[in-house]
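Hi everyone, thanks for making time. Please take a look at the screen while I walk you through this one.

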Amino acid sequence: MTHERGSDDEADAPADRGEGHDDGHDEGRGEGHDDGSGDGTGGGRTRAAKAPLDVPTGYRVGDWTVTGLIGSGSWGSVYTAEGAPGTPRAGQRAALKFLGTAPLAPGQRAEVDELVGKEVRFSLAARHPHLIRTYEALPVSDPGSPALDGSVVLAMDRAERSVQDVLAAAEPGAPVPDAVRVLRGTASGLAHLHGEGWLHGDLKPANILLGPDGEARLADFGLTTELDGTHAYVPPMGTLDHLPPEWWSERTGSLGTAVRPTADVWAFGVVAHQVLSGGLHPFPGATARARALAAQAYARGRAPLRLDASLPEGWRRLITDCLAPDHAARAGLTAAKLAERVEECAAAGSDTPAKGRASRTPLLVTAVVVLLAAAGTATGLLLTGGSDGSVGSAKNPGAGGPSSAARTGVTASPVNDTLPAGSDVPQPLRPFIGAAARLCVQPEVTPALIAAMLKAESGFDAHARRPSTDEYGIAMWTPRVFKAWAVDGDHDGTKDYMSAPDAIATMGAYLCWVDEQLKQHGLHTDLPQLTAAAYRTSTRTIEEAGGVPARVRPYVDKVTRYLADYTPRR
Ligand SMILES: Nc1ncnc2c1ncn2[C@@H]1O[C@H](COP(=O)(O)OP(=O)(O)OP(=O)(O)O)[C@@H](O)[C@H]1O
C-alpha cells in the first residue's frame, strides 16, 4: 500500500495515524498497534522489517558460544550462550541478541542500521540494577553466512523469564507471584531512565525480564530515545496494548513521532494492572486493536475507566493516575514520583486482591478472552505492539478478530465466504483470504474484495517488490505501515509482509478499519471502491475528497472489475 507521501500525507503514512482524529484506530506495535499486542503487539518506521536470524547451536561470537534460542522480536533474535572454554568468559551465562540487517532491501537497511545503532548505544549505556546489563556489542563478520554477516550481537545478562511469560501462566483475578517486587523494580528502572533524560518507548511485559534473583530488569532499548525538551521523537512504532491514547493523534514528521515521558507512565499503568490482576488488561477487548480502541474511547470521555475489582485501593489509585486520559493530566506523575508511589503502595502491603467484591464474573469472562488473545499474540507490534508488541501486537485471527468484531462481540461475520471456483484466485491463498474476511464484521470486506485488491496490487505475486515506492509482497505493504497493523496470518510467531498469509491477514484487518472509519465519516456509498482508494492513499484523503480521487481512479476501476469477477453469483 502506498500511503501518500510528502506534504500533509506524510503524516498519514503509518496507518493514518496522523489524521488527528480521535478515534479509533489503532495500532501501530504493536500492537502492533498488540503486537504485542497482545500486543499487540505489536510498529512503524522500519522495525517492520523483520529479520529473524537462524543461529545454529555452537555458533561462536567473540568469547561466546550459542546454546539455544530464547525468542525473536521485530528485527532480531535472542539466544542463550555460554562463555567459551579458555576465554575470560569461560562458563559465564549470557543472552545474545542478534540484531540483523542482512536480509533487508538496501533502502530499509539504512534505516534499520540506524535503529540498531541506537539500540546498541542505549544498551551499552544502561547501567542500573533494574536495567538489563549489556557487556559488549560484537559485530559479526561471517561471509559464509550471509544472513548473519553484518549483524551486531549484544551480549547481556541472561534473564530467567519475562513478565510476559509470568502473565501467560497466571490466574486471572489475582496478582502474579512477586507482583509488587516486579513493579518496584520496573518503576525504579524507569525512574533511572527518565532521570538520565531518556524514555524507554516500549515498556511492556515482554521487555521486563526477571533475573535468577527474581528482580525485574527493563530490557529492549530499541525504541529508547533521548528527550529533546518535553518530547522525544521516535519511529512510529510501539505495542498496541501499551501505547497511550494520544499516540494515535500525534503527527509523524521527519524526526519521527513525538512521544512524551508520560507514554512510559501510561504503559506502566497498563503493566501494573496486568501484573496485579493476573494478566487482565485494563481496557476491554479480545484483541489488542479492540483494547486500543477502548482506551481511546475512554480518553475521549466516551467510556469510564473500569479497573479490575480485585485491585487493592492504593494500587487502584496509582493505576488510575498512570492512566489519566490526557497526557497533561499525567505529567505531574513523573517516573521518580511514580517510583515513590509504588514504594508507598508496597509499604502499605496492598499487594493482595481486594476481598468481597461481587462483580468479578463478567470481567473474568472478558479476561479469559483477553488472555487467550494475548497468549496467541505476544508481539512486539507492538506494537506492539507486540511483543508483545513490540508490538504489537495481538492480532491473532485465531484468537479474536479485528476491532469491530471485538467491539460488537461478533467473532465471525456471515460474509460471503466463497470465491468462484473458476476464477484465477490461486487455490492456496483462498483459505487465508477467507479467514481475513471472516474476521471483519463490515459487510463490504469480503473475500472477493480482498482477492480483487491482491490482484490489483501484485497480481497475487507473493514476491512482488517495488522498492522505488517502498512496497513489497502480495499486498504491497509499505514495511513501516505493515508493522503498524501486522497480523500473524499463518500463526508461525512472526509477522512478515513478504509472507502471503501475514500480508493478507493484515490487509483484511486494515481494510476493516478503513471501512469502519469511512462510515463514521458519513461515507456510505461505493464503500468497496472507497476502501480500495483509501488503501492506496489514506482515509483522510478519501474523507477530504468525499470520494475516489482522480489519481487512484484507474486502480479503483481495476479493483472494481476484479471484484465483479470474484463475487459469487447467487
Ligand atoms: N537478556 C535476556 N534474557 C532472557 N531473555 C531475553 C533477554 N532479552 C530478550 N529476551 C527474550 O527474548 C525474546 C525476544 O526479545 P526481543 O527483545 O528481540 O523481542 P520482543 O521484545 O519480544 O519484541 P519486539 O522487539 O518486537 O518488541 C523475548 O521473549 C524476550 O523476553
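Let's start at R60, whose bridge partner in β2 is T65. The strands here, like the helices, are DSSP runs numbered from the N terminus, with E over at least two residues for a strand and H or I over at least four for a helix. R60 belongs to a pairing in which β1 and β2 (residues 64-72) run antiparallel, joined by two bridges. Two bridges is also the least that DSSP must find between two strands for them to count as a pair.

A word on what you're looking at: this is a predicted model, where local features need pLDDT of at least 70 and side-chain atom pairs count only at pLDDT 80 or more, while totals for chains, interfaces and linings use all residues. Residues are numbered from 1 along each chain as its sequence is written, and side-chain values use heavy atoms, with hydrogens and water left out.

Now, the sheet. It is open and antiparallel, with six strands in the order β1-β2-β3-β4-β6-β5. Which strands stand at the edges? They are β1 (60-61) and β5 (134-139), and each has a single partner strand, so one side of each has no neighbour in the sheet.

Moving inwards, β4 and β6 run antiparallel and are joined by five bridges, with L99 standing opposite V152 in β6. On the other side, β5 pairs with β6 over five bridges, again in the antiparallel sense, and there T134 stands opposite M156. Strand β6 (residues 152-156) has four of its five residues buried, so it is largely enclosed by the rest of the structure. By buried I mean under 20% relative accessible area, with exposed being over 50% and partly exposed in between, using a 1.4 Å probe and protein chains only.

Back in β4 (residues 93-99) we find K97. UniProt lists K97 under "binding site", in an unreviewed entry; such annotations may be inferred rather than shown by experiment. In the model, K97 counts as buried because its relative accessibility is 12%.

Next stop, a cavity. The second largest cavity holds about 60 Å³ of space. Of its 15 lining residues, L240, L243, W266, A292 and A295 are the closest to its centre. For the record, a cavity is a set of points on a 1 Å grid over the protein atoms alone where a 1.4 Å probe fits but cannot get out, and lining residues have an atom within 4 Å of a point. The volume is the space filled by probe spheres set on those points.

Which helix gives the most to this lining? It's α5, with four residues; α4 (262-276) and α5 (288-299) each supply at least two. By class, the lining has 10 nonpolar, three polar and two charged residues.

D241 is in the loop between β12 (232-234) and β13 (252-253), and at 5% relative accessibility it counts as buried. The C-alpha atoms of D241 and A295 are 9.2 Å apart, with the two positions 54 residues apart along the chain.

Finally, two backbone oddities. D470, in the loop between β15 (465-466) and β16 (471-472), has a positive phi of about 60 degrees although it is not a glycine. D470 is partly exposed at 21%. D526 also has a positive phi, near 50 degrees; D526 sits in the loop between α14 (500-520) and α15 (527-536) and is exposed, with a relative accessible area of 54%.

Definitions and conventions
On a 1 Å grid over the protein atoms alone, a cavity is a set of points where a 1.4 Å probe fits but cannot get out, and a pocket is an open set with protein on both sides within 12 Å along at least five of seven lines; lining residues have an atom within 4 Å of a point. Ala, Val, Leu, Ile, Met, Phe, Trp, Tyr, Cys and Pro count as nonpolar, Asp, Glu, Lys and Arg as charged, and the others, Gly among them, as polar.
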